[in-house]
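Please open the structure in your viewer and keep the selection panel at hand. The stops below are meant to be taken in order, each with something to select and something to look for.

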Amino acid sequence: MAIVLGIETSCDETSAAVLENGRTIRSSIVASQSDLHARWGGVVPEVASRMHVERVLPTVVEALEHAQVRAEQIEGIAVTNRPGLIGALVVGVACAKALALAWHVAVVGVHHLVAHVYSALLADRDLTFPFVSLVASGGHTELILAESEDTLWTIGRTRDDAAGECFDKVARVLGLPYPGGPALERLARGGNPDAVPFPRAWLNDSLDFSFSGLKTAVARYVSQPDRKASDADIAASVQAAIADVLVHKAIQAAQRTGMRTVVLAGGVAANRYLADSLQLACESNGLRCVIPPRDLCTDNAAMVAAAGYPRLARGETDGLELDTVATDFLPYRTVE
Ligand code: KG4
Ligand code: ZN
């Protein structure tokens with residue numbers, strides 16, 4: 001198994017990628033719908049599905065052309081089939097199965113969070129299992145123990161909002177455009193992270209997260225007519241509150257599981273303040289820190305191809321009955 005096609009349509013990015021030998025990206029095309037959803041302040045599922053229908057095959061064709069690979073050279077197809085927006089997933093999975101049938105190759109369904117974990121293996125060739133990964137995006141905030149290629153456990157997850165969702169909601173309170181994370185980070189650059197002591201939900205010894213209280217605290221603070229802090233100070237303080245909890249729990253997760261490497265993935269990994277804080281915390285705790293570049297952290301099909309590759313290489317296939325699942329968790333393991 002040398003050349004694999006990856007397809008990703010779980011949310012608002014239509015993506016296709018060609019991967020060689022599980023680690024070399026020959027092409028990775030991402031057609032983002034972000035601008036389209038911006039006017040609604042969030043992803044509109046129906047709109048996302050329709051755009052995937054329009055774009056998925058042209059994106060696959062572009063990925064093949066960019067990789068200078070002919071359809072006959074594709075030996076297997078990996079596609080995100082869970083979790084995600086159901087109508088969006090259906091488009092990618094139907095496309096992958098049709099191509100698999102036409103090209104007489106195997107198709108495997110990939111868990112979206114596992115794909116995010118694999119983005120680090122594409123970014124860092126020296127990275128090997130096992131390691132701990134923090135996946136933080138608009139839809140997920142999970143600490144994952146990646147024991148081996150096929151054995152991944154959730155050891156902590158958000159009990160309410162995802163970290164990216166919290167960035168987006170707070171940004172909206174501050175009147176910033178969608179997606180709020182990058183806008184909030186820009187605003188925070190001129191602010192003081194210690195200006196407002198927003199709450200951190202430590203949740204005692206648990207590796208779980210909670211961000212809904214923070215969102216409420218910010219809304220309450222902003223609505224005070226006599227508030228002292230500027231918008232930049234508020235943005236910097238919120239960013240610090242989110243990053244503090246994420247970093248603290250990621251380090252705890254590594255220490256409790258005895259892992260030597262911490263990986264940060266998902267769209268929120270693009271946040272410089274978070275990335276720098278994690279890097280620093282890892283250094284002072286003797287841990288290795290791996291943060292893939294931004295284009296591998298946000299949704300992309302290269303990570304999907306990488307996650308599906310081990311199973312394709314073993315000759316496994318999900319067959320043409322492969323279904324989609326909107327909500328699907330990795331097995332949970334409590335670590336003391
Ligand atoms: O992984 P992603 O592209 O899409 C999914 O949600 O699956 O992540 C998007 C999320 C959004 O919530 C966005 O606001 C957040 O990641 N994000 C950021 C930054 N860039 C993207 N959050 C904070 N700082 C950033 N620089
Ligand atoms: Zn994602």
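This tour of a predicted model begins at the ligand and then moves on to a loop serine, the aromatic rings and some backbone features.

**Ligand 1**

Select ligand 1 together with the 16 residues around it, and among these pick out Gly138, Asp168, Glu185, Gly267 and Asn271, which come nearest. With the polar atoms displayed, look for a polar side-chain atom of Glu185 that lies 2.7 Å from a nitrogen atom of the ligand. Two backbone approaches can be added to this view: an oxygen atom of ligand 1 is 3.0 Å from a polar backbone atom of Gly267, and a backbone N or O atom of Gly164 lies 3.1 Å from an oxygen atom of the ligand. On its own ligand 1 has 540 Å² of accessible area, of which the protein covers 90%. If you now colour by secondary structure, the elements that give two or more residues to this shell are helix H5 (163–173) and helix H6 (180–188). Colouring the shell by residue class instead divides its residues into eight polar, four charged and four nonpolar.

**Ser10 and its surroundings**

Next select Ser10, which sits in the loop between strand S1 (3–8) and strand S2 (13–20). Is this residue, Ser10, buried or exposed? Its relative accessibility is 4%, so Ser10 counts as buried, the cut-off for that class being under 20%. Extend the selection to His112, whose side chain makes a polar contact of 3.3 Å with the side chain of Ser10. Leaving out residues up to four places away in sequence, the residues that Ser10 touches include Thr80, Pro83, Leu85 and Asp299.

**Aromatic rings**

Now display the aromatic side chains, where the structure holds four aromatic pairs. Start with Phe198 and Tyr221, whose ring centres are 5.9 Å apart and whose planes stand at 85 degrees, so that the pair is edge-to-face. This pair links distant parts of the chain, with Phe198 in the loop between H6 and helix H7 (212–223) and Tyr221 in helix H7, 23 residues apart. Phe198 and Tyr221 are both buried. Another pair to select is Phe209 with Phe211, which is stacked, with 6.1 Å from centre to centre and 10 degrees between the planes; Phe209 and Phe211 are buried as well. Finally, select Tyr118, Phe129 and Phe131, which form one aromatic cluster.

**Backbone features**

Most residues other than glycine have a negative phi, and most peptide bonds are trans. Stay with Phe129, which a cis peptide bond joins to Pro130, with omega at about 0 degrees. Pro130 lies in the loop between helix H4 (112–123) and strand S6 (131–136). Go back to Pro83, one of the residues that Ser10 touches, and select Arg82 with it, since a cis peptide bond joins Arg82 and Pro83, here with omega at about -25 degrees. The loop that holds Pro83 runs between strand S4 (76–82) and helix H3 (86–103).

For the last stop, select Leu203, which lies in the loop between H6 and H7, and Asn204, which is also placed in the loop between H6 and H7. Although it is not a glycine, Leu203 has a positive phi of about 55 degrees, and Asn204, likewise not a glycine, has a positive phi of about 50 degrees. With a relative accessible area of 24%, Leu203 is partly exposed, whereas Asn204, at 71% relative accessibility, counts as exposed.

Methods
Residues are numbered from 1 along each chain as its sequence is written. Chains are lettered from A and ligands numbered from 1 in the order in which they are written. This is a predicted model: local features need pLDDT of at least 70, side-chain atom pairs count only at pLDDT 80 or more; totals for chains, interfaces and linings use all residues. Side-chain values use heavy atoms; hydrogens and water are left out. A residue is near a molecule or strand if one of its heavy atoms lies within 4 Å of it. A polar contact is a pair of N or O atoms within 3.5 Å; within protein, one must be able to donate a hydrogen and the other to accept it, and residues adjacent in sequence count only if both atoms are side-chain atoms. Accessible areas come from the Shrake-Rupley method with a 1.4 Å probe; for residues, only the protein chains shown count as cover. Helices (H or I, at least four residues) and strands (E, at least two) are DSSP runs, numbered from the N terminus. Ala, Val, Leu, Ile, Met, Phe, Trp, Tyr, Cys and Pro count as nonpolar, Asp, Glu, Lys and Arg as charged, and the others, Gly among them, as polar. Buried means under 20% relative accessible area, exposed over 50%, partly exposed in between (1.4 Å probe, protein chains only). Contact means heavy atoms within 4.5 Å. Rings of Phe, Tyr and Trp (its six-membered ring) pair if their centres lie within 6.5 Å; planes under 30 degrees apart count as stacked, over 60 as edge-to-face and the rest as tilted.
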